[in-house]
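This report covers the packing of one chain, from a helix end to the core and then to two strand positions. The chain is shown below.

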Amino acid sequence: MKIKIFLVLMLLLISSCEYKPIFNEAESKFSITKIDSLTKDQIFFRIKNSLKSNLNNDNFNKFELFLTSDRIKTVTSKDKKGNEKTFNLKIFVKVNIKSRNESFEKFFEENFSYQNNSNKFDLKQYENNITNDLIDKIVKDLNLYLVEITK
């Protein structure tokens, strides 16, 4: 009997909640007219490709983005023999945003620590996956920031 009451209450609670995504492309009230960078690296091209849906839309708020990015891999610990044991990968992105009336500057940073792998090919593949994941997080944060400044 208690289980039935619990299930009915849970069903009522769940059905009364409204799901709404945090960032919905239909709600984006901005467009990006230009994305540029001095260094045309993996970070720049990944961010540019992720923001393609917002390029040259007919929205009121138009932005020009200028990116400065860097990827830093550091050794965080070594074993007794002096071999690398763990690494930390940081990605920094500085975005200069120009709109009609204002200009903004925002810094984004993501990092991740991971263990060394004796197979260098697998380690390189893993680092590429980590880099792509960190860039995706930065793109989400950038999108949210652009939505926030258009409000």
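N119 caps the N-terminal end of helix 3, with a side-chain oxygen 3.1 Å from the backbone nitrogen of F121. This geometry, like all that follows, comes from a predicted model. Helix 3 has 31 residues, and at 1.5 Å a residue it should span 45 Å; the C-alpha atoms at its ends are 45 Å apart, so the expected span and the model agree.

Helix 3 (120-150) is one of the elements that give two or more residues to the largest nonpolar core; the others are strand 1 (30-37), helix 2 (42-50), strand 2 (61-78), strand 3 (84-98) and strand 4 (103-115). Helix 3 provides the largest share, ten residues. The core holds 28 residues, of which I47, L51, L65, V93, V95, L142 and L146 touch the most other members.

Helix 2 can be described by its buried residues, which are I43, F44 and I47. Seen down the axis of helix 2, these residues fall within an arc of 100°, so they line one face of the helix. The buried residues of helix 2 pack against strand 1, strand 2, strand 3 and helix 3. For I47, the contacts beyond four places in sequence are L67, V93, I135, V139 and L142. Two of these partners, V93 and L142, are named with I47 among the core residues that touch the most other members.

Two polar or charged positions remain to be described. N88 lies in strand 3, and K90 is found in strand 3 as well. N88 is buried because its relative accessible area, 13%, is under the 20% cut-off. K90, at 28% relative accessibility, falls between the 20% and 50% limits and therefore counts as partly exposed. Their contacts, leaving aside residues up to four places away in sequence, are set out in the table.

| Residue | Relative accessible area | Contacts |
|---|---|---|
| N88 | 13% | I72, K73, T74, T76, N111, F112 and S113 |
| K90 | 28% | D70, R71, I72, E109, E110 and N111 |

I72 and N111 are in contact with N88, and I72 and N111 are also touched by K90. S113 is a contact of N88. The C-alpha atoms of S113 and K90 are separated by 8.8 Å, and the two residues are 23 residues apart along the chain.

Conventions
Residues numbered from 1 in each chain as written. Predicted model: local features only at pLDDT ≥ 70, side-chain atom pairs only at ≥ 80, totals over all residues. Heavy atoms only, no water. Core = buried A, V, L, I, M, F, W, Y, C linked by side-chain atoms within 4.5 Å. Buried < 20%, exposed > 50% of the residue type's maximum accessible area, 1.4 Å probe, protein only. Helix = DSSP H or I, 4+ residues; strand = E, 2+ residues; numbered from the N terminus. Contact = heavy atoms within 4.5 Å. Expected span 1.5 Å × (residues − 1). Polar contact = N/O pair within 3.5 Å; in protein donor to acceptor, adjacent residues only side chain to side chain. Arc of directions from axis to C-beta.
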